[in-house]
Every structure is written in C-alpha cells, then in structure tokens.
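Here are a few exercises to work through with the model open beside you. Try each one yourself before reading its solution.

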Amino acid sequence: MAALAVLRSSAPARLLSGSFSVHRGGLASWQHYQSRRPFSNNKILVELNESTGVAVMKMKSPPVNSLSLDFLTEFSISLEKLEIDRGCRGLILTSAFPKIFSAGLDITEMCGKSAEHYAAFWKAVQEMWLKLYGSNMVTIAAVNGSSPAGGCLMAMCCDYRIMADNPKFAIGLNETQLGIVAPFWFKDTMINIVGNRVTEQSLQLGQMYSAPEAHKIGLVDLLVPEDKVQSTAAAVMTQWLSIPDHARQLTKSMMRKPTIDRLVKQQEADINNFVSFITRDSIQKSLQVYLDRLKQKK
Ligand SMILES: CCCCCCCCC/C=C/C(=O)SCCNC(=O)CCNC(=O)[C@H](O)C(C)(C)COP(=O)(O)OP(=O)(O)OC[C@H]1O[C@@H](n2cnc3c(N)ncnc32)[C@H](O)[C@@H]1OP(=O)(O)O
C-alpha cells in the first residue's frame, strides 16, 4: 500500500489548503478545538491543530452519518489531504452527533439503483477502507454513539477505539441481519482485532454488541464516560505520538499490509461480486424490507 510505504516525519507544520481549519498553539483537547473557529466542510468537519499535529475529523451528515457515495467521496478526499500534510501525524475520528457514530453504509445507495451506480458506490467504500486502514497517521476512533456495520468498519480501521460507556450504544457487523454478507475485507479487519472464533460467531449472527460487551471481546479498547470520549482520545493520541513515526509506521505496515494487499489484488473482482450480489431480486427485497422496517419503527 503506497500510503504505508511513505515515511512521515515530525517536520514543521504547513498550512492546509481548502476547507480545513488549522490552529496554532494550545492543547489537543476537544474543548480546545471547539473554542477555536470550527470550519465546516459539507458532511465532514476537519480541524487540524498545527502545534500538536493532530486533526479531528467529525462526521456530520444528518440524521445518522450514513455512508452515502457523496459522504465517502468527501471522506476520502479529506483523509488524503491530511495524509499528505507532513504537519499532521494523528487523526481522531468522531461524530458531530451525540448517540450516533455512523449508521454504516447508506442503504438507499444499495436499493433500486443502476449497476453502474452500485459499482461506483462500492469502489468508494473500498477507497475509504484502503485509505483509513492503510493510513500512516495514528488513527483513533472516538466512538460517541452507535456504530453498526460500515460504521463499525470505520472504527475498526483505526489504531485504537475509545467508546462512550453507555449500554444503549451498540457496535458490530450486523450485515446478516439485513440479509447481506460482510465481504472478506470487513471480515479480515475484524479478525485482526478480535480473532477468528469471535469474528465467525459475530458475523454469522450479525451481532451488535453493547459498549460494555464490545469492550469485553476487545472490539473496543477503552470505555469512558460520554463526556470524556474526546479528551481521552486526545490523551491517548499524545501517548501514541511519543513513538517515533518511522518505527510505528513500519510496524503498522508490517501488521496490515497482507490484509490490504488481499483487496488490492482483487479490487475489480470484488466490485463485480458486489454488483452481482446486490442486484439480485432477493437481496433487493431484503434490503427494502429492512429499510421499511427502519422507517416504520417510530
Ligand atoms: C459477496 C459479498 C458481496 C457484498 C455484499 C454487500 C455488503 C454490504 C455491506 C454493508 C454494510 C453496511 O453498512 S449496511 C448498513 C447497516 N446499517 C444498519 O443496519 C443501521 C440501521 N440503523 C439503525 O440501526 C438506527 O437507525 C441507528 C443508526 C441506531 C439510529 O437510530 P435512531 O433511532 O437514532 O434513528 P432512526 O430513526 O432509526 O433513523 C433516522 C433516519 O435514518 C435512516 N437510516 C438509518 N440508518 C440508515 C442507513 N444505514 N442507511 C440509510 N438510512 C438510514 C432511517 O431510516 C431514518 O429515516 P427517516 O425515517 O426517513 O427519518
């Protein structure tokens, strides 16, 4: 993976272009970021503190941060900008909404659309995973709410997961509950965190874990009170950034490259698989039923 091959240094920070917000000086606390001019992109808010080299990326796509094609495109562009900025060494990924980190892939993107649309959508999902899982930066997920399926995948791509200690918040790969199947690279990402046995059971059952359960199986690394998620993420980030970048990055690459290479080698085939799977009448029907049920639950 190209991103992992590039070594990052702690070179002096430079100004980022585009719609990013850059801050000089101060502590990398959430309050700190909030107290300075937050700069809103469309669906994602990115703030880079130049003195700490830490960026906070807040997902802000109402109502539930579902991963639409537009969202994924913006996410990958934002990540790419941070990745090439030598002044940015760490990324905290979180949600602007209390209670929901991300609802996962936008189901409406997988229903009633053309094969071309499905192919473009799936490519965007792949790109998000390749960029986030292969990032050279230290990546910490500050999971401040529920995080099913694709939302769980995003969190799993990070180096460390901190979740709000609220049993009402759930995280997991629930695809089978929708009548769909998590692809091999979702599965591999989970195996790399919790091992084969837990992943197998979890995927077959489409299991969603409450925050305490997720912590128990190692799906999240740390539980903290809801109002401490961001400050804890900043503190953990400081600890990770105390390790020399080149040594940490080479280690991360050594651990993740085989998993990344598996998808890179068959990216096209994986898109074709997705398109032929998702266009089946039975799958379309399952997704529609699930979506209708979601809308009726109120
Ligand atoms: C061979 C292999 C090949 C590959 C085979 C294919 C592989 C595909 C892999 C798929 C990966 C995925 O991520 S699939 C996506 C899985 N995601 C989910 O199951 C999440 C479902 N959502 C939820 O559980 C909840 O909405 C939750 C996120 C906890 C929030 O609950 P709340 O009560 O706060 O909010 P709700 O009232 O439910 O939702 C608010 C509105 O958002 C909508 N909404 C919620 N989740 C949505 C979603 N994911 N996509 C679109 N819209 C969504 C609802 O319908 C509501 O719409 P209105 O009524 O109009 O307001």
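**Exercise 1.** Find which helices and strands each supply at least two residues of the shell around the ligand, and work out which one gives the most.

*Solution.* Start with the elements: in this predicted model, strand 7 (145-148), helix 11 (267-278) and helix 12 (281-296) each put in at least two shell residues. Next, pick the top contributor: that's helix 11, with four residues. Now look at who comes nearest: of the 27 residues around the ligand, it's A103, G104, L105, A149 and G150. Finally, sort the shell by class, and you get 17 nonpolar, seven polar and three charged residues.

**Exercise 2.** Trace the open sheet that contains strand 7 and say which strands sit at its edges.

*Solution.* Four strands line up in the order 5-7-9-10, with mixed pairing. Strand 5 (99-100) and strand 10 (209-210) are the edges, as each pairs on one side only. Zoom in on strand 7 and strand 9 (residues 170-172): they run parallel and are joined by two bridges. S147 has I171 of strand 9 as its bridge partner. Then add helix 5 (residues 150-157), which lies across both strand 7 and strand 9, at about 100° to strand 7.

**Exercise 3.** Describe how helix 4 packs with helix 10.

*Solution.* First, the geometry: helix 4 (residues 115-133) and helix 10 (residues 245-265) pack at about 160°, with axes 11 Å apart. Angles over 145 degrees count as roughly antiparallel, so that's what this pair is. Helix 4 passes helix 10 in a left-handed crossing. The contact comes from Q126, L130 and Y133 on helix 4, plus R256, I260 and L263 on helix 10. By class, that's four nonpolar residues, one polar and one charged.

Terms used:
Residues numbered from 1 in each chain as written. Predicted model: local features only at pLDDT ≥ 70, side-chain atom pairs only at ≥ 80, totals over all residues. Axes fitted to C-alpha atoms, helices over the stretch in contact; angles between N-to-C directions. Parallel < 35°, antiparallel > 145°, perpendicular 65-115°, else oblique. Left-handed = near helix turned anticlockwise from the far one by under 90°. Contact = placed C-beta atoms within 7 Å. Nonpolar A, V, L, I, M, F, W, Y, C, P; charged D, E, K, R; others polar. Near = placed C-beta within 6 Å. Pairing = 2+ DSSP bridges.
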